[in-house]
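Colleague: Could you walk me through the sheets in this one, please? I have a few questions ready.

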Amino acid sequence: MRYNAGMKEPDAPRHMTSEELRRHGHEVVDWIADYLATLEQRPVRSQVAPGEVRAALPSSPPRRGEPFAAVLDDLDATIVPGLTHWQHPSFFAYFPANSSGPSILGELLSAGLGVQGMLWETSPAATELETLVLDWLAELLDLPATFRSDGAGGGVIQDSASSATLCALLAARHRVTGGAATSAGVDRPLTVYASTQVHSSLEKAVRIAGHGTASLRLVDVDDEHALRPDALAEAIGADLADGATPCLVVATVGSTSSLAVDPVAEIAEVAHAAGAWLHVDAAMLGCAAVAPELRWVGAGLEHADSYCTNPHKWLLTNFDCDAFYVADRAPLVEALSVLPAYLRSAASEQGGAIDYRDWQIPLGRRFRALKLWMVLRWYGAEGLAAYVRGHVAHAAWFAEQVRAHPAFEVVAPVRANLVCFRHVDGDERNAGLAERLNDSGELYLTTTRLDGRLVLRLGVGATQTERRHVEAAWAAITAAESEESGR
Ligand SMILES: *Cc1c(COP(=O)(O)O)cnc(C)c1O
């Protein structure tokens with residue numbers, strides 16, 4: 001153990017030795033394997049009260065280092081009971097946050113290597129593996145050739161779909177202002193468009209970019225909650241007449257609320273006629289394209305300027321891993337590249353290398369490609385397809401049960417792995433049901449509002465979810481319904 005050789009100095013920190021790392025590392029991997037194997041016995045949603053976790057822990061840090069076992073004890077006693085178990089097979093809330101064995105190990109290796117991949121030169125393999133893995137993913141999802149790295153475009157891993165949206169906005173604004181916005185700032189109104197169902201990260205992006213919420217136009221949707229291209233054309237026309245510059249249009253493929261799918265090709269026509277950039281946000285549903293029969297989720301993408309989907313939502317890769325693609329990388333890189341003397345490198349200047357720092361907001365970047373690479377190699381195209389296919393079948397089964405029950409109705413098209421449904425007796429009844437079910441700890445589902453009504457959402461997408469978990473969820477829902485009806 002060479003790096004521990006400094007221990008003779010009186011004030012030297014006591015590093016974990018190789019032997020200790022090995023021993024505690026094995027303990028931690030055992031701990032994780034046990035956790036994942038016993039998830040089903042835990043309440044899905046944490047049952048703690050606000051402040052309970054903090055109150056159970058010392059208010060100040062230790063003066064001297066503590067044994068590792070003491071930390072693991074606190075993890076069991078205090079931290080885990082204060083968690084909502086996103087990997088629980090009966091987690092049907094929000095959207096899933098996937099993890100898997102190969103992904104966990106990839107993440108661990110990334111931490112073990114501790115490299116920075118901001119420039120090609122700071123870790124060539126981190127950059128080249130990322131480029132390769134994103135080309136692999138483009139192939140697995142059958143994305144248009146424009147997004148592959150062998151042309152003008154390419155992919156990059158962002159921390160989240162929210163960052164992808166912000167990057168798309170900055171690239172769009174660079175392009176529509178001919179670079180002026182990047183160097184001199186925004187001197188005329190640049191407008192941004194999306195449907196009323198767009199993810200909240202778009203509003204955050206326009207605020208961060210300094211355009212302000214007033215630049216955002218939320219366009220009307222049809223009765224399946226998809227953006228209406230005619231309403232988009234009308235909004236753009238009004239802004240053009242007012243002297244504004246349409247900058248960015250965001251189409252959503254799989255809205256967070258109800259998995260609504262905007263008509264990408266028609267939207268592209270309207271957006272491009274006005275000179276605007278089209279970003280497609282397919283945060284969860286885009287992953288479905290690993291199954292050939294679900295490739296309709298990629299319809300129209302050949303017209304998009306940028307696209308993102310989250311393997312951390314539905315492709316077995318733990319957070320954070322958002323795959324962001326651009327059809328032309330020049331505006332993105334030009335908008336985000338700042339080159340101080342201390343970051344110059346011969347490889348970059350000769351133009352043969354990608355520096356991913358220019359494709360994202362922060363400078364530093366983790367080696368995230370490693371976990372995605374491990375997942376793609378472990379499961380293979382067939383395994384990934386079988387995975388999403390299973391969830392889609394479970395959701396279809398659940399929707400059938402809902403449709404056959406007199407007290408419930410399905411309230412949005414069931415396209416993939418999300419079922420929006422409600423009790424026919426109204427909002428209060430549905431809110432009561434959700435609370436009762438989630439308090440039980442047996443399952444976890446969340447609610448949304450569609451057409452002004454409170455709706456229950458059951459999203460199937462956890463790594464361990466099988467048909468029996470969805471059957472148990474339906475049994476719990478109908479039991480709660482009849483108990484309440486019987487009161
Ligand atoms: C979940 C979601 C997001 C946000 O994803 P993050 O990766 O957590 O930022 C954005 N858009 C849609 C459609 C989503 O469903």
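Colleague: Let's start with strand S6 and strand S7: over how many bridges do they pair?

Modeller: Happy to help, and bear in mind that this is a predicted model. Strand S6 covers residues 306–309 and strand S7 covers residues 322–326, and the two run in the antiparallel sense. One of the bridges joins Ser306 to Val326 in S7. The pairing of S6 and S7 extends over 4 bridges.

Colleague: Which are the edge strands of the open sheet of 7 strands?

Modeller: The order in that sheet is S1-S7-S6-S5-S4-S2-S3, with mixed pairing. From one strand to the next, the twist averages 20 degrees. An edge strand here pairs on one side only, and that description fits strand S1 (154–158) and strand S3 (216–219).

Colleague: Nice. Now the open sheet of 4 strands: why is one side of S8 and of S10 left without a neighbour?

Modeller: This sheet has antiparallel pairing and the order S8-S9-S11-S10. Its twist averages 40 degrees from one strand to the next. Strand S8 (408–410) and strand S10 (446–450) stand at the edges, so one side of each lacks a neighbour because each has a single partner strand.

Colleague: Which residue in S11 stands opposite Val419?

Modeller: Strand S9 spans residues 418–423 and strand S11 spans residues 453–459. They pair in the antiparallel sense over 4 bridges. Opposite Val419 in S11 stands Leu458.

Colleague: And which helix packs on the sheet with a direction at about 135 degrees to that of S8?

Modeller: Two helices are worth a look here. Helix H14 (residues 369–404) lies across S8, S9 and S11, and runs at about 15 degrees to S9. The one making about 135 degrees with S8 spans residues 467–486 and touches S8, S9 and S11: helix H16.

Colleague: What about S10: which residues form its uncovered face?

Modeller: S10 runs antiparallel to S11, joined by 5 bridges, and Thr446 has Arg457 as its bridge partner in S11. The two strands form a hairpin with 2 residues between them, where Asp451 in the turn has a positive phi of about 50 degrees. On the covered face of S10 sit Thr446, Thr448 and Leu450, while the uncovered face has Thr447 and Arg449.

Colleague: Last one, on the surface: does Val29 count as buried, partly exposed or exposed?

Modeller: Val29 lies in helix H1 (residues 18–37). With Leu105 and Leu108, Val29 forms a nonpolar surface patch of about 250 Å² accessible area together. The relative accessibility of Val29 is 38%, so Val29 counts as partly exposed.

Definitions and conventions
Residues numbered from 1 in each chain as written. Predicted model: local features only at pLDDT ≥ 70, side-chain atom pairs only at ≥ 80, totals over all residues. Heavy atoms only, no water. Pairing = 2+ DSSP bridges. Axes fitted to C-alpha atoms, helices over the stretch in contact; angles between N-to-C directions. Contact = heavy atoms within 4.5 Å. Patch = residues over 30% accessible without salt bridge, like charges linked within 9 Å, V, L, I, M, F, W, Y side chains within 5 Å. Areas by Shrake-Rupley, 256 points an atom, 1.4 Å probe, with all protein chains shown as cover. Salt bridge = Lys/Arg side-chain N within 4 Å of Asp/Glu carboxyl O. Buried < 20%, exposed > 50% of the residue type's maximum accessible area, 1.4 Å probe, protein only.
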